[in-house]
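Please read the following walk through the model with the structure open beside the text. The route goes from the strands of one chain to its aromatic rings and then to the nonpolar interior.

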Amino acid sequence: MASPSPKSPGQISDKSKKYDRQLRLWGDHGQTALESANVCLINATATGTEILKSLVLPGIGSFTIVDGALVTGEDAGNNFFLDHSKIGKPRAHVATQLLMELNSDVKGDYIEETCDQLLSNNPDFFCSFSVVIATGLTEKSLHSLSSNLWQNNVPLVVSVSYGFTGSIRLQVSELCIIESHPDNLLEDLRLDKPFPGLKEFMDTIKLPEMNHKQFSHTPYLVLLYKALEIWNDRHGPNPPSNYKEKEILRNIIKSELGYGIVKEEDSNSGDEENVAEAIKAVNTALTKTQVPSNVQKILNDDQCIRLKEKNSFWIIARAVKEFVEKEGNGVLPLRGSLPDMTSDSQRYIALQNVYREQASKDAEHVWRHVQTILKERGWAGESVIENDVKLFCRHSSELRMIRGSCLAEELDGKQLPPDVDINQQLEEPDSPWLHYLLLRAVNKFHTENGSFPGYYDDNVETDIAKLKGCFSRLLNDLGCQGGSLSKDDNLHEMCRYGAAELHAVAAFIGGCAAQEVIKLITKQYVPLDNTFIFNSVTSTTATLRL
Amino acid sequence: MKHSNKNKRTSEIRSNATSGHPARQFSKLGKMADVNVAPSLLDDSIRKSKILVVGAGGIGCELLKNLVLSGFNDILVIDLDTIDVSNLNRQFLFQKEHVGKSKAVIARESALGFNPNVTIVAKHDSVMNSEYNVTFFKQFTVVMNALDNRAARSHVNRMCLAANVPLIESGTAGYLGQVTAIRKGLSECYDCNPKAGQKSFPGCTIRNTPSEPIHCIVWAKHLFNQLFGEADPDEDVSPDTADPEAAGDAGSVALQNQASEAGNVTRVSTRAWAQQSEYDPSKLFGKFFCDDIKYLLSMDKLWTKRTPPTPLSWDNIPEEISDQQGGLIKDQKVWSPAECVQAMVSSIKILYQRSKELNGEESFLVWDKDDEASMDFVTACSNLRSHVFSIPKKSRFDVKAMAGNIIPAIATTNAVIAGLIVFEAFKILEGKWEECRHVYLNSKPNALNKVIAPSSLDSANPKCYVCSPHPEVTVLLNVSQMTVQSFEDKVLRGALHMISPDVMVDDGKGTVLISSEEGETTENMSKSLSDFNISDGTRLRCEDFHQEYDLNITIIDREHLEENREFTVIADPSQLQPKAAVESSGPQPSTSSSKPAPSTRATESVEIDEDLDVIFQKGCANDDHQQEPSIRKRSISGQADIGSASKKLRLSENDIIEL
């Protein structure tokens, strides 16, 4: 028993202590993904450093700051990582140093060049990053960066804090998510389509031959299964689907399953825990087993069918598709987990094993399909790892895929999404589309005038008039007829901001943007698709699809 | 951090129009003052304001930074906590070398590092201490809560109401968060919607009939305290022969006679007994996982409908390879019984050694979720008990979450929430109270495609037991069993969050039940409430001079309460239907009203407490279905009483402060 140096199963590293509270959100594998990621921040603005702060703290692998600017007084005023003593020094260098102090596990690097310089001197520079984060870029630079990253398939997160408003734009050509962490995940029990192992197991159980004690310690899944058998005998193969039919099934569970079982000295029949559980589970456990539409969409996707690239997600998706069409008989690989239930452990474990064995059989089939696919295409065997296949199978009912749009195309675009009635939107006082257009308008102003409206104290009045012009031309460009120009208050407000980056807004946008970056890196949880607008005066946010 | 900045940011920078100091941003913004807000006025009120930040944890660190960088320059931060390694993934004002030091002090140092021109006062102290009285609170323009527990939140809420200072309340849990503004007379207060209480379990469920992992985990923590910690008679771990469900059981009557009157089988204290054998693991194991279990089996009434437990034998520990998740590492996997025994043996060895090294003053260990041996002990013992009772076992990682009431926490959520707090502060300073919002942060866009969901502030609950003009609550308890001590500790302090209560019985004689003057009512403490002629319908006048809070309590005498609770607090007496506390004397503002409680938002509001009790509720949420039936059954014993009473009472769940 007592070994001299018991290797306690709970030897916990410093790292997992430090990261304990976040491991509970994205798990060890999420943390590993984070620790192997490499992000690039363009411009160490207040918003930019706030984003990096929230990535460095949870332990991102490494970051690189690209910034050709020197620290100004304004930076010292609103940026936690740049103080007055550093005014005049390279912003990239100073911010990198201070950010690295937050977490010794993180590597930091910096390049004292502007984004434009890098793009023209070294266009492949950004290809190696997991995600590129851009702040404080002009529309023109953003346009070139966006095209570059879109071509190279590197996700881009553009974050803006402008006065009391802000925005985040995600540009990702394709994002495939295995663990989407849905709120309400139904159990995968297959009572309506029992697999052979389950049938076999259930057939060995004879409720009427049990004594009361055995009966009351039987897992409720067995009761449900047996009740469903009775139902099928009487009402055909379709499981009960409406309230009335489910009531009939509940009555079968209540009064027919335990019928004839000697109740011993017990007078309180009918309140066995497992019976109560079975009755309760009628609603959730009997949902039809089928491929959910979001997963079907992935299996039917061109990428899955033609499989042009050596991409692990699509290879496994293709293998799952073949599984569904062959061994699976139309259903996805079994998840293989059971909910907790009242039962003696022996039968619970036995039942658990039935599900686990089937799940690993299914995963095995998928794994074999993967190998065939690799062989047929002459791809290396190590392109897909078996553990990934298992993970994929376990989560196959919650797969999500996002196809984004290119920001450069949005900036070139001649119209807004067709389903948006912009004139109607502009009637509403706090429409997110209004804030989106105002932010576009100040950028247009900058493109035309070389500075933001209201930036120089002397020009405010003329800037307001110019901004009005930019706004209405923008509306015209986007094909909005007679774009309501009664937005004077909002245009004045934009001028009043004078491109100020308020720290509290930067902190808020920084937190939101960092969260999106973490989603992109861990490929867990569903990121926003694709533009986020924030107005701090009313504390409102909205997500627009552009 | 920026300790390196020794160059003073001089006041000249402030006046420098191009410096970019927040002052500049606001004056820039203020230039068009006629357009919208009056930001130059705002800038002025920011600089003149004095802010109290309660809590220097996840939200507190972000908030301090935001305040200083938004131009606030007079801040007092208070926190009684010290820095732990697990804080470092988000509380960025702290670094490894600060572990063990005061959060408030280090947060101040770090914040001053980046702006030495602001005044920050740090207090390493509990905000509930008496020196922080109403006068203290009155000096602040706005109070901002960045707390992690309900008692302190409730207390600060009362102090701000009494001092009439605006309060911004906030909390985060994982990806969720919320911010709200509270002002006396203008909004709801923190206690307007009684929060669902932390889950607690009847003693006999823990000691006799566990049915869920959490029951075994609570038991294992109690076992830790019995063996090494501060012994608490409420935390007994041996079979409870007074279990009402087993009562009337012929077999156990005989056994009961052998038992001590407290219903415990042990005759010496568990700790003394363990010391006799020098914490011999095989002896401890034998008692807790074999002998006690055999004893429970003898109470056969308990097992007619439950799966009976299976005693374990020290010489025959099942090796049971249940490791399906082969790839999983360290604390993520579920230990086999043999691994549990191994961990139990090694942790007991460490803990016993530690307890031997204690000197007289502190003669016991304190359980800590971040201490490895403590955590190993609870993981091992809870899983062994789960094994005995055929309950699913949990990984060390999960046990830690449940035993330590851990809720996940990340930097991003705190950053977002701290930003939102500052926006609410801006509105308060501008006097735009009507623009303040109650803001929720969701983990994903809601039905309206919004991650942030703002809603107007609700008006105060006219029957709130804290902020209404004549606060009232009704307490259901057993007057002959509840001692004055328990009444003070559990009801007044525990549930109602008072800190120095005075209580007078409203019997025309002015009988003083509890006095906050030390020693004045010591002799009352061990007596029961009925000894003071407190009976069904008696009213008690309670006062907390520190919180400047008066509360009338109506007692309703109940022999038994549901779920074997000791007492139930009902915030809105009109919820007692139909006999709405009729026996109570004195003014009863609520009886005339037949309207339902004005607000039921408690149901939708996420319970949010960083590092606090949320996981409990989340963890239990799924299991509730399993738990309910057993609990319902647990009350069968008192059926005659409870059944009828509960029908009459028909309590709305939102108005019960569960305990």
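Contact here means heavy atoms within 4.5 Å, axes are lines fitted to C-alpha atoms, for helices over the stretch in contact, with angles running from 0 to 180 degrees between N-to-C directions, and helices (H or I, at least four residues) and strands (E, at least two) are DSSP runs numbered from the N terminus. This is a predicted model, in which local features need pLDDT of at least 70 and side-chain atom pairs count only at pLDDT 80 or more, while totals for chains, interfaces and linings use all residues. Residues are numbered from 1 along each chain as its sequence is written, chains are lettered from A and ligands numbered from 1 in the order in which they are written, and side-chain values use heavy atoms, with hydrogens and water left out.

In these terms, helix α5 (residues 103–114) of chain B lies across β2 (74–78) and β3 of chain B, and runs at about 165 degrees to β3(B). Both strands belong to an open sheet of eight strands in chain B, ordered β3-β2-β1-β4-β5-β6-β7-β8 with mixed pairing, where two strands pair if DSSP finds at least two bridges between them. β3 (119–123) and β8 (452–456) of chain B stand at the edges with a single partner strand each, so one side of each is left without a neighbour in the sheet. At the β8(B) edge, strand β7 (residues 437–441) of chain B pairs with β8(B) in the antiparallel sense over five bridges, and B:V439 stands opposite B:P454 in β8(B).

Turning to the aromatic rings, those of Phe, Tyr and Trp (its six-membered ring) pair if their centres lie within 6.5 Å, with planes under 30 degrees apart counted as stacked, over 60 as edge-to-face and the rest as tilted. By this rule there are 31 aromatic pairs over all chains. One of them, B:F224 with B:F377, is edge-to-face, at 5.9 Å centre to centre and 70 degrees between the planes; the pair links helix α9 (residues 213–227) of chain B to helix α14 (residues 372–388) of chain B, its members being 153 residues apart. Both B:F224 and B:F377 are buried, that is, under 20% relative accessible area, where exposed is over 50% and partly exposed lies in between (1.4 Å probe, protein chains only).

A nonpolar core is a set of buried Ala, Val, Leu, Ile, Met, Phe, Trp, Tyr and Cys residues joined through side-chain atoms within 4.5 Å. The largest has 137 residues, and A:L55, A:F508 and B:L420 have the most contacts inside it. Helix α16 (residues 411–429) of chain B gives the most to this core, with 12 residues.
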